[in-house]
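Please look through the structure shown here and follow the account below, which goes from one backbone position to a pocket, then to ring pairs and charged pairs.

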Amino acid sequence: MCTRAREVEGVDVCVRGRGVGSLYYYNEYFSSKNESYISDSKESYSIEDSVHWKVVKKFLRLASIHNIPLYLIDPLVLGRMNEDIQSENTDSRLNCKYLCTPREFTTFALLDKFWKNEVFLKKEAEEEGFQWMELSGKDPRLAGMDGLSGTEIPLHCIFKLQNHAIHLVVFYERSGNFLWHGQLRLKQNADKNFVHFRKLHFGRYPGAYNKPKLHLTSVDGLEIQVPKQIANFLEEVSQSRFVECRYKEARMFYQVYPEDTSQDAMEFRKKAKDLLHLAAKILNGQKVPFWLSSGTCLGWFRQCNIIPYSKDVDLGIFITDYKVDIISAFQRAGLPLKHKFGKEDDSLELSFQAANVKLDIFFFYEEDDYMWNGGTQAKTGKKFKYVFPKFTLCWTEFLELKVRVPCKTLPYVEANYGKNWAIPISNWDWKNSPANVQENGIWPIQDWDEVIQIH
């Protein structure tokens, strides 16, 4: 029988075959000082003596019997495989190089649509000696829908045998054509000693991934699906943190400030969405990371939508990611350059025109204790500086697109729009209205041809 712990903050825990204890949260376990042990040894191990290999083999056999396709996402195993790929090491004399490496977990992924026969898998796994724990939570895809926002979905499942555990991460397809997994969070009465949760590689935060191309390969004698581009997948793992749009707060916002459903507003949102998708395609093709900035970021954070009176789309890019080919890439896509202000080492800003919607790209510069982007007044040559607290980037879903935003979005928005950012202001002066604007001198007249280009 499955003992189900009392629900706390929307995630449910089901434990089979163990007692239940006190309230613990996954974030308490997971810290940089307690990261998983990674063996530096390049030696091989004997399959006959490896509990890890035998547990993996037994579990893969059970999954195969119940037609549950899994693919390997374990960073330690894939990391060692990638090292051998990069070094072109194909030494077949080694007995067991990857799955026998000392570690507590092996991590696999599966798509939720294939998690249909889990009841039979769990039952047979118990008969084979496995203990299991399942964690579920609210479906974020339904968070904006009245009456459906409490729907539960499985997020993680852990199968333990002897001193090794299989961690199954359940991935869901989002409307932005990417894969998402939820946070692993233990709840009240869950058994905190079931495994060393802090050492799990997935689950500290929700994560977003591109759909991987898979291929079947032999890993220490076992046929396993793995990402075709292992190096790319491992890079994604390190940059996968995902934050949801604040659907509940957006609904509250629209209760106070009803949504503009006029024809003009609806047409602008459609054009802005199309422009954002095109800009993402261009910048992704250039391998230039970007994020929602200024009014576009405020719209995502405050109302999960485009602000209809903003009349433009705003993106941020770190100046260290700037490429001279960006301008020509946009022009080839049918977006002419409207203006170019500043230069690469100071206050660079690009603006492109698409129909009746403008795309502004602001380049950010990093100082010791803050970040900033610049602005230029064309008619006077005055320079302005917009100061932000330091930030890192996370993925989100916006207008059916996987896109980045500052992870700690509130300080970012407050820096730009002040403490009253939740109150709409349609009359906005970019030189005076922002809370973080500073005058930053004047461009020398002899530099104007370079730093003030209007097309």
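A convenient place to begin is Lys287, a residue found in the loop between H7 and strand S12 (291-292). Because its relative accessible area is 70%, above the 50% that marks an exposed residue, Lys287 is counted as exposed. The model is a predicted one, and in it Lys287 has a positive phi of about 55° although Lys287 is not a glycine. A second residue other than glycine with a positive phi is Ala355, where the value is near 50°. Ala355 also has its place in a loop, this one between strand S15 (346-354) and strand S16 (357-366), and with a relative accessible area of 62% Ala355 is exposed.

Lys287 leads on to the largest pocket. Rolling a probe the size of a water molecule over the atoms shows where empty space is left. The largest pocket has a volume of about 1000 Å³. It is lined by 28 residues, and those closest to its centre are Asn210, Glu236, Lys287, Trp395 and Lys402. Two or more lining residues come from each of helix H5 (230-238), helix H7 (263-285) and strand S20 (402-406). By character, the lining of the largest pocket divides into 10 nonpolar, 9 polar and 9 charged residues.

The aromatic rings offer another way through the structure. A pair of aromatic rings is described by the distance of the centres and the angle of the planes. A search of the whole structure finds 26 aromatic pairs. One of the pairs is formed by Phe253 and Tyr257, whose ring centres are 5.1 Å apart and whose planes make an angle of 40°, a tilted arrangement. How accessible are the two partners, Phe253 and Tyr257? Phe253 has a relative accessible area of 9% and is therefore buried, while Tyr257, at 31% relative accessibility, counts as partly exposed.

Phe301 and Trp421 make another such pair, and because their planes stand at 55°, with the ring centres 5.2 Å apart, this pair too is described as tilted. Here the pair links distant parts of the chain, since Phe301 belongs to helix H8 (residues 294-303) while Trp421 lies in the loop between helix H10 (409-417) and strand S21 (437-442), 120 residues apart. Buried means a relative accessible area under 20%, so Phe301, at 6%, counts as buried, and Trp421, with 12%, is buried as well. Phe301 has a further partner, for the charged end of Arg246 sits over the ring of Phe301, 4.0 Å from its centre. A comparable arrangement is found at Trp132, where Lys122 lies over the face of the ring at 4.7 Å from the ring centre. Elsewhere, ring pairs link Trp291, Phe318, Phe364, Phe388, Phe391 and Tyr412 into a cluster.

From rings the account turns to charges. Side chains of opposite charge can pair when their charged atoms come close. The structure holds 17 salt bridges. Among them is the one in which the side chains of Lys97 and Asp84 meet, with 2.4 Å from N to O. This pair links distant parts of the chain, with Asp84 in helix H3 (75-87) and Lys97 in the loop between helix H3 and strand S4 (105-111), 13 residues apart. Both Lys97 and Asp84 are buried.

Which strands does the salt bridge between Glu397 and Arg174 link? The closest N and O atoms of Glu397 and Arg174 are 2.8 Å apart, and the pair joins strand S19 (residues 393-397), which holds Glu397, to strand S7 (residues 164-174), which holds Arg174, across 223 residues of the chain. Glu397 and Arg174 are both buried.

The setting of the salt bridge between Lys419 and Glu414, at 3.2 Å from N to O, is another matter to look at. Lys419, at 67% relative accessibility, counts as exposed, whereas Glu414, with a relative accessible area of 22%, is partly exposed. Finally, salt bridges can be followed through three residues, as Lys58, Arg61 and Glu128 are linked in a network.

Terms used: Residues are numbered from 1 along each chain as its sequence is written. This is a predicted model: local features need pLDDT of at least 70, side-chain atom pairs count only at pLDDT 80 or more; totals for chains, interfaces and linings use all residues. Side-chain values use heavy atoms; hydrogens and water are left out. On a 1 Å grid over the protein atoms alone, a cavity is a set of points where a 1.4 Å probe fits but cannot get out, and a pocket is an open set with protein on both sides within 12 Å along at least five of seven lines; lining residues have an atom within 4 Å of a point. Grid points are joined across faces, edges and corners, and a volume is the space filled by probe spheres set on the points. Helices (H or I, at least four residues) and strands (E, at least two) are DSSP runs, numbered from the N terminus. Ala, Val, Leu, Ile, Met, Phe, Trp, Tyr, Cys and Pro count as nonpolar, Asp, Glu, Lys and Arg as charged, and the others, Gly among them, as polar. Rings of Phe, Tyr and Trp (its six-membered ring) pair if their centres lie within 6.5 Å; planes under 30 degrees apart count as stacked, over 60 as edge-to-face and the rest as tilted. Buried means under 20% relative accessible area, exposed over 50%, partly exposed in between (1.4 Å probe, protein chains only). A charge sits over a ring if NZ of Lys or CZ of Arg is within 6 Å of the ring centre and within 35 degrees of the ring normal. A salt bridge is a side-chain nitrogen of Lys or Arg within 4 Å of a carboxyl oxygen of Asp or Glu.
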